[in-house]
Amino acid sequence: MAGLPYDDRDGYIWMDGVFTPWREAKVHVLTHALHYASSVFEGERAYGGVIYASRRHSERLANSAKIMGFELPVSVDELEAIKAEALAKSGLENAYVRAFAWRGSEMMGVSAQSNTIHLAVAVWAWGDYFADKMKGIRMTHAQWKRPSPESAPSHAKAAGLYMICTLSKHAAENAGYADALMLDYRGHVAEATGANIFFIRDGALHTPTPDCFLNGITRQTAMKLAEARQIEVVERTIMPDELGTFSECFITGSAAEITPVAEIGEFTYKPSHISEALVTDYADLVHRRIPMPA
Ligand code: PMP
C-alpha cells in the first residue's frame, strides 16, 4: 500500500548543490533521463546515524555513471560529505538514502552528448522492504530474463535495467506474491527483482555467479559473514531444476537486507538456523555491534 507520495513530503533534498525544499525538488518534463532512462542510482541504508558501506555505494554510483558514459559532477569524497549532510539534515538515525544522477534537458534525442549531469540525494524513513520478512516471503517465477552483458551494461545500477524488474515485480504482486525469481538469458537462476539470491543445502550456501546482474554489496557482505561462521559458500551456475533440492533460501539487498524466502512457485523453504544466523549477523554488523569480518 502506498504511503505519503514521494513528491509531497516535508524536509529537503540535496539537488545540484542546494538543499531544496522537498516539494520543490523538480525536473522539467523534457528531461533526457525521463525519456531515455539515462540515470543511475544507489539505494543505501543508514543505521544509528551512519550509512552502511557508504563509500562503496558512492564508488558504485560513480562507476555506474562511467559505464553509462558520463561523470558525476562531484568526486566520491564530495558525494560522501553530501550524503552525510543530507542524512544529518533529515534528522533520521535509521533511514534509506537514495543518491542518483541523470542527464538533463539540453538535447532531446537518443544522443545526449551535451546534456548537463544532475545529481541529487534524498533521505527518507523506510522500514522493512517486505512486510512479513522473518516469516519468509513468497516468490513466483518471472517471465522476463536478465539480459546478456552483451545486450545491457549489467553491472551498472542504471534505471533502464529496472524496466524488466518492475514488469516482473508487478506481475508477481498481481498474482499475490511478494517478488519474482528472474532467470538469465541462458536460463540460469539469476536474482530477485531488486535483490540477490542465496540457497542452502547440507549446510552450504549456494549463490549464482554475478556475471549478468549486480554483484550486490549486501551479497558480498553475506558471503563474508557466512565465511566467518565457517559456512561454505559456493558461487556457481544454478539451474532452475535444482530449486527443489535446497532447504533454505534468502535474498539480499541494501533495502531488503537479508530476507528469508518461504516459497518460489512450487518449491517451499523453511528459514532455519543458517538464515536466522545471517539475518542476525547482518543486523549486528550494520549497527556496528560486530566488526566487518576480514
Ligand atoms: N540486484 C538488483 C536488481 C538490485 O536492485 C539490488 C539492489 N541494489 C541488488 C541486486 C542488491 O544490491 P545491493 O546489495 O548492493 O543493494
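**Close-up views of the ligand site and the aromatic pairs**

**View 1. Glutamate 191 meets the ligand through a side-chain N or O atom, 2.6 Å from a ligand nitrogen atom.** This is a predicted model, so please read each close-up with that in mind. Tyrosine 162 also takes part, with a polar side-chain atom 2.4 Å from an oxygen atom of the ligand. Isoleucine 217 uses its backbone instead: a polar atom there is 2.7 Å from a ligand oxygen atom. The ligand on its own would expose 390 Å², and the protein buries 95% of that.

**View 2. The shell around the ligand draws on α5 (217-228) and β13 (248-253), the elements that each give two or more residues.** Tyr162, Glu191, Ile217, Thr218 and Ser254 come nearest among the 15 residues around the ligand. Sorted by class, the shell holds four nonpolar, eight polar and three charged residues.

**View 3. Ring pairs join Tyr6, Tyr96, Trp124 and Trp126 into a cluster.** Here you can find tyrosine 6 edge-to-face with tryptophan 124, at 5.0 Å between centres and 65° between planes. These two partners are 118 residues apart, tyrosine 6 in the segment before β1 (12-15) and tryptophan 124 in strand β6. Tyrosine 96 and tryptophan 126 are edge-to-face as well, at 4.6 Å and 80°. Because tyrosine 96 lies in strand β5 and tryptophan 126 in the loop between β6 and β7, this pair ties together parts 30 residues apart in sequence. Tyrosine 96 is buried at 4% relative accessible area, while tryptophan 126 is partly exposed at 30%.

**View 4. Lysine 89 places its charged end over the ring of tyrosine 12, 4.6 Å from the ring centre.** The charged end of lysine 89 also sits over the ring of phenylalanine 19, at 5.3 Å from its centre.

Definitions and conventions
Residues are numbered from 1 along each chain as its sequence is written. This is a predicted model: local features need pLDDT of at least 70, side-chain atom pairs count only at pLDDT 80 or more; totals for chains, interfaces and linings use all residues. Side-chain values use heavy atoms; hydrogens and water are left out. A residue is near a molecule or strand if one of its heavy atoms lies within 4 Å of it. A polar contact is a pair of N or O atoms within 3.5 Å; within protein, one must be able to donate a hydrogen and the other to accept it, and residues adjacent in sequence count only if both atoms are side-chain atoms. Accessible areas come from the Shrake-Rupley method with a 1.4 Å probe; for residues, only the protein chains shown count as cover. Helices (H or I, at least four residues) and strands (E, at least two) are DSSP runs, numbered from the N terminus. Ala, Val, Leu, Ile, Met, Phe, Trp, Tyr, Cys and Pro count as nonpolar, Asp, Glu, Lys and Arg as charged, and the others, Gly among them, as polar. Rings of Phe, Tyr and Trp (its six-membered ring) pair if their centres lie within 6.5 Å; planes under 30 degrees apart count as stacked, over 60 as edge-to-face and the rest as tilted. Buried means under 20% relative accessible area, exposed over 50%, partly exposed in between (1.4 Å probe, protein chains only). A charge sits over a ring if NZ of Lys or CZ of Arg is within 6 Å of the ring centre and within 35 degrees of the ring normal.
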